[in-house]
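Work through the exercises below with the sequence and the coordinates open beside you. Each task is followed by a solution that goes step by step.

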Amino acid sequence: MFELKKTAASTKARLGTLTTDHGEISTPIFMPVGTLASVKAVKQDDLKEKIKAQIILGNTYHLYLRPGCDIMESAGGLHSFMSWDRPILTDSGGYQVFSLSDNRELTEEGAEFKSHLDGSKHMFTPENVVDIQRTLGSDIMMVLDECPPYPCSYEYAKESMELTHRWEKRGREAFLNTEPKYGHKQAQFGIVQGGTFEDLRIESSKRVADMDFEGIAIGGLSVGEPTDLMYEMTDLNTDYLPENKARYLMGVGKPANLLHCIARGIDMFDCVLPTRNARNGQIFTDNGYINISNAKWKNHNQPLDPAFPSDLCSKYKMSYIHHLFRNNELLGLELASLHNLTFYLSLMDEVKERIANDTFHNWYKEKAEVLDTKI
Ligand SMILES: CCNc1nc2cc3[nH]c(NC)nc3cc2c(=O)[nH]1
């Protein structure tokens with residue numbers, strides 16, 4: 001599944017390759033989020049040709065509720081349903097149950113919840129989220145876990161981590177005892193928890209590493225904790241994770257966070273930031289980020305960055321993009337979403353080049369500073 005190609009000179013940054021039946025993924029990689037089988041405001045062809053996205057994310061919670069497993073199965077799975085023939089990673093729904101449903105209950109059996117759409121009652125168990133993801137046909141599926149809130153007590157984090165570990169064992173069993181439905185192989189990633197407590201993080205890394213998943217995700221972070229604590233926990237986790245397994249840091253993050261977490265040994269990222277913030281006018285550039293709705297761009301009759309390969313940057317005056325956002329024109333959302341994803345993926349390309357030619361370690365900190373500044 002994952003082949004480590006190179007570890008950088010003086011950081012934990014790595015180059016690797018993930019192999020799936022829908023194609024290879026070169027890491028470090030950012031995964032555009034396609035919650036409801038669509039990366040919002042971006043066409044599949046542009047994802048492939050312009051952004052060169054190698055893998056996208058789908059959300060099990062949303063797709064299970066709508067369109068549901070019957071339609072998904074009759075359509076031949078998520079790839080066929082959305083006409084995307086490259087890799088897809090689906091999450092297991094647990095996180096959305098907590099962030100979307102205002103009525104849910106955790107038991108040993110699983111997570112009971114009421115749909116945020118119509119209040120109907122449902123339950124995710126470690127076993128049925130495997131079945132649901134078999135029906136979705138994702139190339140990489142995730143186990144059901146609990147993501148504890150931040151902050152939380154040591155006792156809560158420990159209890160929650162141990163429940164997650166019991167669920168992961170059941171989930172792995174269910175995965176090994178079931179087959180793909182559409183002929184292509186599927187992998188299953190485990191998830192490390194432990195809150196922000198060193199001893200729990202170490203224990204969880206070891207326990208999940210021993211369950212022999214095809215890849216390992218670091219959960220429980222990017223949930224409101226200070227950035228430095230997120231970096232510290234990430235650094236600690238990767239010290240105890242096997243080198244030959246891909247590491248996926250869930251829900252991260254800003255461009256600066258990606259650079260710092262790649263330096264701490266992470267291979268895969270997903271975040272709604274580039275697409276969600278694009279819809280609010282936040283545009284990422286090599287020299288920092290801007291908000292195009294800001295009055296200062298109102299009569300700025302120059303393109304943002306003619307050298308950058310996105311239509312937003314090279315083809316249109318900023319006064320025009322400002323105008324589109326001021327008038328809530330759909331074209332603005334499309335241009336900004338496509339641009340931000342192009343920016344994220346091209347940043348990953350530059351990272352790969354720099355890991356390959358050993359210039360990553362004395363570049364990333366300063367670059368992260370620049371990317372984090374508002375222009
Ligand atoms: C596969 C679903 N499980 C699962 N998803 C997550 C998604 C996240 N998204 C963020 N920040 C935006 N933190 C996360 C943690 C988890 C986590 O601990 N677990």
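UniProt positions are given here in the numbering used for this model, with feature names shortened, and such annotations may be inferred rather than shown by experiment. The model is a predicted one, in which local features need pLDDT of at least 70 and side-chain atom pairs count only at pLDDT 80 or more, while totals for chains, interfaces and linings use all residues. Residues are numbered from 1 along each chain as its sequence is written, and side-chain values use heavy atoms, with hydrogens and water left out.

**Exercise 1. Locate the residues that UniProt marks as "binding site", and describe the surroundings of Gly93 and Tyr95.**

Step 1. The unreviewed UniProt entry places this feature at Asp91, Ser92, Gly93, Gly94, Tyr95, Asp145, Gln193 and Gly220. From this set, Gly220 also belongs to the lining of the largest cavity, where a cavity is a set of points on a 1 Å grid over the protein atoms alone at which a 1.4 Å probe fits but cannot get out, and lining residues have an atom within 4 Å of a point.

Step 2. Gly93 sits in the loop between strand 6 (88–90) and helix 5 (94–100); helices (H or I, at least four residues) and strands (E, at least two) are DSSP runs numbered from the N terminus. With a relative accessible area of 1%, Gly93 is buried, a class that means under 20%, as against exposed for over 50% and partly exposed in between (1.4 Å probe, protein chains only).

Step 3. Once residues up to four places away in sequence are set aside, Gly93 touches Thr60, Tyr61 and Phe124, contact being heavy atoms within 4.5 Å.

Step 4. Tyr95 lies in helix 5 and, at 43% relative accessibility, counts as partly exposed. Apart from its neighbours within four places in sequence, Tyr95 is in contact with Cys147 and Val223.

**Exercise 2. Which residues line the largest cavity, and how do they divide by class?**

Step 1. The structure holds one cavity of 30 Å³ or more, and about 50 Å³ of space lies in the largest cavity; a volume is the space filled by probe spheres set on the grid points, which are joined across faces, edges and corners.

Step 2. The lining consists of Pro148, Pro149, Tyr150, Cys152, Gly195, Thr196, Gly220 and Val223. Its classes are five nonpolar, three polar and no charged residues, where Ala, Val, Leu, Ile, Met, Phe, Trp, Tyr, Cys and Pro count as nonpolar, Asp, Glu, Lys and Arg as charged, and the others, Gly among them, as polar.

**Exercise 3. Describe the largest pocket by its volume, its lining and the helices that contribute to it.**

Step 1. The volume of the largest pocket is about 1,000 Å³; a pocket is an open set of points with protein on both sides within 12 Å along at least five of seven lines. Among the 47 residues that line it, Tyr95, Gln96, Gly251, Asp270 and Val272 are the closest to its centre.

Step 2. At least two lining residues come from each of helix 5, helix 9 (227–239) and helix 11 (273–278), and helix 5 gives the most, with six residues.

Step 3. By class, the pocket lining comprises 20 nonpolar, 18 polar and nine charged residues.

**Exercise 4. How many disulfides are there, and is Cys152 buried or exposed?**

Step 1. A disulfide is a pair of cysteine sulfur atoms within 2.5 Å, and by this rule the count is zero. Cys152 is in no disulfide, as the nearest cysteine sulfur, that of Cys147, is 9.2 Å away.

Step 2. Cys152 is buried, its relative accessible area being 19%.

**Exercise 5. Find backbone exceptions to the following rule.**

Step 1. Most residues other than glycine have a negative phi, and most peptide bonds are trans.

Step 2. A cis peptide bond joins Thr27 and Pro28, with omega about 10°, and Pro28 lies in the loop between strand 3 (23–27) and strand 4 (29–31). Another cis peptide bond joins Arg66 and Pro67, with omega about 15°, and Pro67 lies in the loop between helix 2 (60–65) and helix 3 (69–74).

Step 3. Asn328, in the loop between helix 13 (318–326) and helix 14 (330–356), has a positive phi near 55° and is exposed at 63% relative accessibility.
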